[in-house]
Each structure stands twice: as structure tokens, then as C-alpha cells.
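Visitor: I'd like to learn how to read a surface patch. Could you put the model up first?

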Amino acid sequence: MQTVTKKISTAELTKISMCVALCCISANIVFPLPFTPGMVTALTIVLSLAAYILTPKQTFTVILVYLLLGIAGLPVFAGTGGVGRLLGPVGGFYFAWLLAYPLLSYFKGAEINFKRYVLMNFLIAMPVTYLGGLISMVYFLEIDIWQAATMAVFPFIFGDVLKSCAAAFLGVKLNSIQKFQE
């Protein structure tokens, strides 16, 4: 049995690398909230954008490389680095992204469509991310689900809606430019 390996193009590798770099930068644009260990970051805009312009496998690669850079100790996790960030109350968010954004990339559809991009983000990426955050906060902080929701979900919904719309707008623009150049 012969295995077929698909080589990645320079353009694809460049897009992946740019998305990893943007993840590292955007994660450090933070607004701490006093009542939760979670922070508002610009990272979710970049993760959504990566899902809109990359394939699911490429999106997974971007997030995995980003996480590995942080595990290696680079300060890419909202101003810090190291595995400790992943093994604490907000670690569930990080692990959930490995599922949420490749799924978003898969379900975005082949057609460039702002409304579909936003809808899929609302139906897939946001709930999966919130679920990961809920689980880690309940486990590590030893609180009930309602307390965890007030720390891991409710404070972030409005901002995540805005960030989803911004990412969808950028995704439509970038995909339109890319389609035009093909």
C-alpha cells in the first residue's frame, strides 16, 4: 500500500506562520477582569480569522504550534508562558481551542459569507470554548457550574460577539482577495 503525502506550499506555510505570529502578539493585548482569572484578549479574533482563511488541519496546526511555544516558556499566554497556565483555571479555554476553531474552519463552508462565518462562530467556536473554560474553572477552583459561568462565560459573551463579527469581516475581505488572485 502506497501512502500519499501532500506537500504544503510556500503560500500555505506563510499563512500558517503569520497566523501563529498573530496569535502570539494578540494574546498579549489583554484586559484583566477583577472577578475572574480569565482575561479579555484579542487572541480569539485571530483564532477565528485563522479558521476562516485556513483549512481545519492548518487551523489545528496554528493552535498547536502556539500552545507548544507557550509550553516551551515563551510569554505567549496573555503575558506569561509555561505549562502552568494550561494546568490552571483558564487551561480549559486553551485546550478547547484545539477543537473549537478547526470545527469552525470545517463548518464555515466553501462560500465566502459573512453571515455564515458569524453564525458558525456563535454556534460552534464560542460554546466549545466556553465549555472548556467552565470545566477547568469548576475543577481547579472547586466551584459550582453557576459560579464558573459567571467567571468563564457571562463576562465574555458581548466582547466575543463583537470579536466574531470583526474576524468574520476580515475573513471575508482576505478570502475575497485570495479568490481574486487565484
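Visitor: Where does isoleucine 71 lie?

Guide: Isoleucine 71 lies in helix H3. Helices here are DSSP runs of H or I with at least four residues, strands are E runs of at least two, and both are numbered from the N terminus. Note that this is a predicted model: local features need pLDDT of at least 70, side-chain atom pairs count only at pLDDT 80 or more, and totals for chains, interfaces and linings use all residues. Residues are numbered from 1 along each chain as its sequence is written, and side-chain values use heavy atoms, leaving out hydrogens and water.

Visitor: Is isoleucine 71 buried, partly exposed or exposed?

Guide: Buried means under 20% relative accessible area, exposed means over 50%, and partly exposed is in between (1.4 Å probe, protein chains only). Isoleucine 71 has 38%, so it's partly exposed.

Visitor: Which residues form the nonpolar patch?

Guide: A nonpolar patch joins Val, Leu, Ile, Met, Phe, Trp or Tyr side chains within 5 Å, from residues with over 30% relative accessible area and no salt bridge (Lys or Arg side-chain nitrogen within 4 Å of an Asp or Glu carboxyl oxygen). Here the patch is Phe60, Leu64, Leu68, Ile71, Val83, Leu87, Tyr139, Phe140 and Leu141, with about 820 Å² of accessible area together (Shrake-Rupley, 1.4 Å probe). Helix H3 (56–71) and helix H5 (114–141) each give two or more residues, and H3 has the largest share, four.

Visitor: How many helices and strands does the chain have?

Guide: Seven helices and two strands, running α-β-β-α-α-α-α-α-α from the N terminus.

Terms used. Patch = residues over 30% accessible without salt bridge, like charges linked within 9 Å, V, L, I, M, F, W, Y side chains within 5 Å.
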